Every structure is written in structure tokens, then in C-alpha cells.
Amino acid sequence: MGAFTFFNAAGMTSAFRVHFGRYAQIGESSILGPPEHPQDWFSSHPFAFTRPRFTPGMYEFEEFARLAPEAEGGPSYVDTVPSETFIGHEAYVGAGCFVKRGVTIGPGATVGARSVVTRDIPAYAIAVGSPARVIRLRFGESIVERLLKLEWWRYDLAPFKKQVDYSKMEATLAFFEQKLADGELEALRPPTYHVSRSAQGLRIDKLATPLYYND
């Protein structure tokens, strides 16, 4: 999860193997990248295709572990289908959305509330519906090209907050383009951590390099 990404806490959102860029905004009660089950196997139940590394909690039950494949049971169904989902920098996912596993929502894209996303959404596109369809871009194509070239989420914008009016889209874009050209934008390097579970509870390790950081 990149810097400044947040979830609306008014409801519970589920995210499975999802990579979030910086500044992403996720509405409440959304489901992002849930696992898929084979429909042409003898059974679609996890006992037929999972592995301990994918569902360790289920393997804690003796009867399930006795039935399900061993860790070294060969390739799993999970290995044959897309398993990672990507939510781009500054993407906005509205409340109650469903995002299919393996989908990429591009930087700056907006997904309307209650949408069902079954395919990739381009950068800075607005998509709505079930299945979600692109209705337009947030900005004209030339502006989108400039935004993607600038990649403003890579930089520390805080020193300039009193010099810009973010409601003025083109003026702000031109301002930061000039700052980049002048070498005045510094890379954003927020403190970044890896959180994992251990027998003692949560373990938090600080990372040497932030996510999405490029020298």
C-alpha cells in the first residue's frame, strides 16, 4: 500500500493480494481481488485446489488438512490464473464496488459506486455500472498524457502547498511541470513498513526503501 492511500472506515472492505499505489481512495464495503474457484473441476471447493500457503487458516483444521492437497502437491489452480490485482496511484474506487481478481485500475481512474469491475480500467478514466464501462476521461487526452509523464505522486509536494491552488487543474499541472524541469521536486520518501503475523502477534519491520520510489 502506497503513501496516503486510505479506506473509508464507515464499512468493511476486503482486499485480497491487492497492490495499492499512492493516494488511492477506497470507498466502504468494497470487495477487491477476491479468490476465484474453478468451475470445470470435479469440485469448486478449496479442498480440491488450494495449498497451505494460500489458505493456512483452513489447514489448521485437521479434517480439512487430511482432505486437501499437501504443500508439495504440484501446481495449484491458483498458479494458473491471475492472482494479483492493482489499484493505481490516485485511483478512486467508490463505495460498494466489486473488483475482479487480476484487474488493473489505472492511475487517476475513478470507479463509480456499486460498480462491478471485470476488466482493466485505463488511466484517468471514469467507469460505472455492472459490468463497469468507461464513460469518459477525467481530462482531455493531452492533459492525461502530461499527468502520466509528470508522475506527480513520486514527489514531495508539501513544500509548495502555499504556492498552488489545486482547484485550478491546468495551472497546478503547469506549475509542477516547471518545478520538475527546474530540478526542484524531490522524491517522496515516507517511512514504510512491512507488517506480518507471528506467534507473538503482529510484527512490524521498517523498510529501507519506500514503495514506488525511484532514484
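Contact means heavy atoms within 4.5 Å. Keep that cut-off at hand for the exercises below.

This is a predicted model, in which local features need pLDDT of at least 70 and side-chain atom pairs count only at pLDDT 80 or more, while totals for chains, interfaces and linings use all residues. Residues are numbered from 1 along each chain as its sequence is written, and side-chain values use heavy atoms, with hydrogens and water left out.

**Exercise 1. The whole protein**

Task: Describe the protein by its contacts, its elements, its box, its surface and its charges.

Solution.
- Step 1. Take the contacts with a separation of 6 or more. Residues 24 or more positions apart account for 37% of them.
- Step 2. List the elements. The protein has 4 helices and 15 strands. Helices (H or I, at least four residues) and strands (E, at least two) are DSSP runs, numbered from the N terminus.
- Step 3. Box the C-alpha atoms along the principal axes. The box is roughly 65 × 40 × 35 Å.
- Step 4. Look at burial. Of the 215 residues, 37% are buried. Buried means under 20% relative accessible area, exposed over 50%, and partly exposed in between (1.4 Å probe, protein chains only).
- Step 5. Take the surface. About 13,100 Å² is exposed, and carbon and sulfur atoms supply 55% of it. The areas come from the Shrake-Rupley method with a 1.4 Å probe; for residues, only the protein chains shown count as cover.
- Step 6. Count the charges. There are 23 positive and 24 negative side chains. Lys and Arg count as positive, Asp and Glu as negative; His and the chain ends are not counted. The centres of the two sets lie 4 Å apart. Each charge is placed at NZ of Lys, CZ of Arg, CG of Asp or CD of Glu.

**Exercise 2. The open sheet**

Task: What is the strand order in the open sheet of 6 strands, and which strands stand at the edges?

Solution.
- Step 1. Read the order: β1-β4-β7-β10-β12-β13, with mixed pairing. Two strands pair if DSSP finds at least two bridges between them.
- Step 2. Find the edges. β1 (6-7) and β13 (132-137) each have a single partner strand, so one side of each is left without a neighbour in the sheet.
- Step 3. Check a pair inside the order. β10 (residues 110-111) and β12 (residues 125-129) run parallel and are joined by 2 bridges. The partner of T110 in β12 is I126.
- Step 4. Go on to the loop between β12 and β13, where P131 lies. The peptide bond from S130 to P131 is cis, with omega near 0 degrees.

**Exercise 3. A hairpin**

Task: How do β14 and β15 pair, and over how many bridges?

Solution.
- Step 1. Locate the strands: β14 spans residues 193-198 and β15 spans residues 201-206.
- Step 2. Read the pairing. The sense is antiparallel, over 6 bridges.
- Step 3. Pick a partner. H194 bridges to D205 in β15.
- Step 4. Look at the link. The two strands form a hairpin with 2 residues between them.

**Exercise 4. The two sides of α3**

Task: Which residues of α3 are buried, and which exposed residues does the opposite face carry?

Solution.
- Step 1. Find the buried residues of α3 (residues 141-150). They are I143, V144, L147 and L150.
- Step 2. Look down the axis. These residues fall within an arc of 130 degrees, so they line one face of the helix. The arc is that of the directions from the helix axis to the C-beta atoms.
- Step 3. Find their packing partners: β13 and α4 (169-181).
- Step 4. Turn to the face away from the buried side. It carries the exposed residues E141, S142, E145 and K149.
- Step 5. Go one past the helix. E151 follows α3 and is in the loop between α3 and α4. Its phi is positive, near 50 degrees, though E151 is not a glycine. At 29% relative accessibility, E151 is partly exposed.

**Exercise 5. Two loop residues**

Task: Y124 and A113: is each buried or exposed?

Solution.
- Step 1. Place Y124 in the loop between β11 (116-117) and β12.
- Step 2. Read its accessibility. At 1%, Y124 counts as buried.
- Step 3. Check its backbone. Phi is positive, about 60 degrees, although Y124 is not a glycine.
- Step 4. List some contacts beyond four places in sequence. Among them are V144 and L147, two of the buried residues of α3.
- Step 5. Place A113 in the loop between β10 and β11. At 52% relative accessibility, A113 counts as exposed.
- Step 6. List what A113 touches beyond four places in sequence: G94, A95 and C97.
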